[in-house]
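Here is a short report on strand pairing, salt bridges, a pocket and an aromatic pair. Keep the structure open as you read.

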Amino acid sequence: MSVAFTREEDLEATAADLADRPISPHPNLVTPEGLAMIEAELASARAAYTAAQMKGSIESDRTAMARATRDLRYWSARRASAQLVEPTENDGAVRFGGSVSIEREDGRAQTWRIVGEDEADPAAGSVSHVSPLARAVVGKRVGDEVMVAGQSAEIVAVS
């Protein structure tokens, strides 16, 4: 069908039928920074919801209302299930909230911080506690060998 024959309301109705953001089945462990980020996202979602309601008729901008509602449901659920893990004294083992440095067989050295799923950002050096990398290193100590992405790596620092 040509775009010329579609009605704007039909496009709005389709856009408004947004699927919910998937909620992880894993425990929602968070660092203090992760909890603050979730609370900021929840406040932002509440503000977007309020703004969408105040624009007049919900039918006038169903897409904005659908996005705001979806985000509000997601961040409310994530806040409700958040399990704050306070930093602990470094006992030499890789732990949630801590950092680990590895050296790969090819000589590359990398440092990662183990954090909650919502706060993970691999490009910034943080990975989720449920990631394969985190699962391979949690509980290990300096000098231990681990398998990371099919390659052997040595843990060279834990903090």
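## Strand pairing

Two strands count as paired if DSSP finds at least two bridges between them. The model is predicted. In this model, strand β3 covers residues 99-104 and strand β4 covers residues 109-115. They pair in the antiparallel sense, over 5 bridges. Because the cut-off is at least two bridges, the β3 and β4 contact, with its 5 bridges, counts as a pair. Within it, Ser-101 stands opposite Thr-111 of β4. The two strands form a hairpin, with 4 residues between them. Gly-107 sits in that turn and has a positive phi of about 95°.

Which other strand pairs with β3? Strand β7, residues 151-158, does so in the antiparallel sense. That pairing also runs over 5 bridges. Here Ile-102 of β3 stands opposite Ile-155 in β7. In a regular strand, side chains alternate between the two faces of the sheet.

## Salt bridges across the chain

How many salt bridges does the structure hold? The count is 9. One of them joins Asp-20 and Arg-73, whose closest N and O atoms are 2.4 Å apart. This pair links distant parts of the chain. Asp-20 is in the loop between α1 (8-16) and β1 (28-30), while Arg-73 is in helix α3 (residues 62-81). The two residues are 53 residues apart. Asp-20 is partly exposed, at 48% relative accessibility. Arg-73 is partly exposed too, with a relative accessible area of 42%.

Glu-33 and Arg-113 also meet through their side chains in a salt bridge, at 3.3 Å from N to O. Glu-33 belongs to helix α2 (residues 32-54) and Arg-113 to strand β4, so this bridge ties together parts 80 residues apart in sequence. Glu-33 has 48% relative accessibility and counts as partly exposed. Arg-113 is partly exposed as well, at 26%.

## A buried arginine and a network

Asp-118 forms a salt bridge with Arg-78. Their closest N and O atoms are 2.7 Å apart. Asp-118 lies in the loop between β4 and β5 (126-128), and Arg-78 lies in helix α3, so the pair ties together parts that are 40 residues apart in sequence.

Is Arg-78 buried or exposed? Arg-78 is buried, because its relative accessible area is 2% and buried means under 20%. Elsewhere, Arg-21, Arg-70 and Asp-71 are linked in a network of salt bridges.

## The largest pocket

Rolling a probe the size of a water molecule over the atoms shows where empty space is left. The largest pocket has a volume of about 170 Å³. It is lined by 16 residues. Which of these are the closest to its centre? They are Thr-88, Phe-96, Gly-97, Gly-98 and Ser-159.

The lining is mixed in character: 6 residues are nonpolar, 6 are polar and 4 are charged.

## The aromatic pair

The structure holds 1 aromatic pair. Its rings belong to Tyr-74 and Trp-75, with centres 4.8 Å apart and planes at 85°, so the pair is edge-to-face. The cut-off for that label is over 60 degrees. Tyr-74 and Trp-75 are both buried.

Key: Residues are numbered from 1 along each chain as its sequence is written. This is a predicted model: local features need pLDDT of at least 70, side-chain atom pairs count only at pLDDT 80 or more; totals for chains, interfaces and linings use all residues. Side-chain values use heavy atoms; hydrogens and water are left out. A salt bridge is a side-chain nitrogen of Lys or Arg within 4 Å of a carboxyl oxygen of Asp or Glu. Buried means under 20% relative accessible area, exposed over 50%, partly exposed in between (1.4 Å probe, protein chains only). On a 1 Å grid over the protein atoms alone, a cavity is a set of points where a 1.4 Å probe fits but cannot get out, and a pocket is an open set with protein on both sides within 12 Å along at least five of seven lines; lining residues have an atom within 4 Å of a point. Grid points are joined across faces, edges and corners, and a volume is the space filled by probe spheres set on the points. Ala, Val, Leu, Ile, Met, Phe, Trp, Tyr, Cys and Pro count as nonpolar, Asp, Glu, Lys and Arg as charged, and the others, Gly among them, as polar. Rings of Phe, Tyr and Trp (its six-membered ring) pair if their centres lie within 6.5 Å; planes under 30 degrees apart count as stacked, over 60 as edge-to-face and the rest as tilted.
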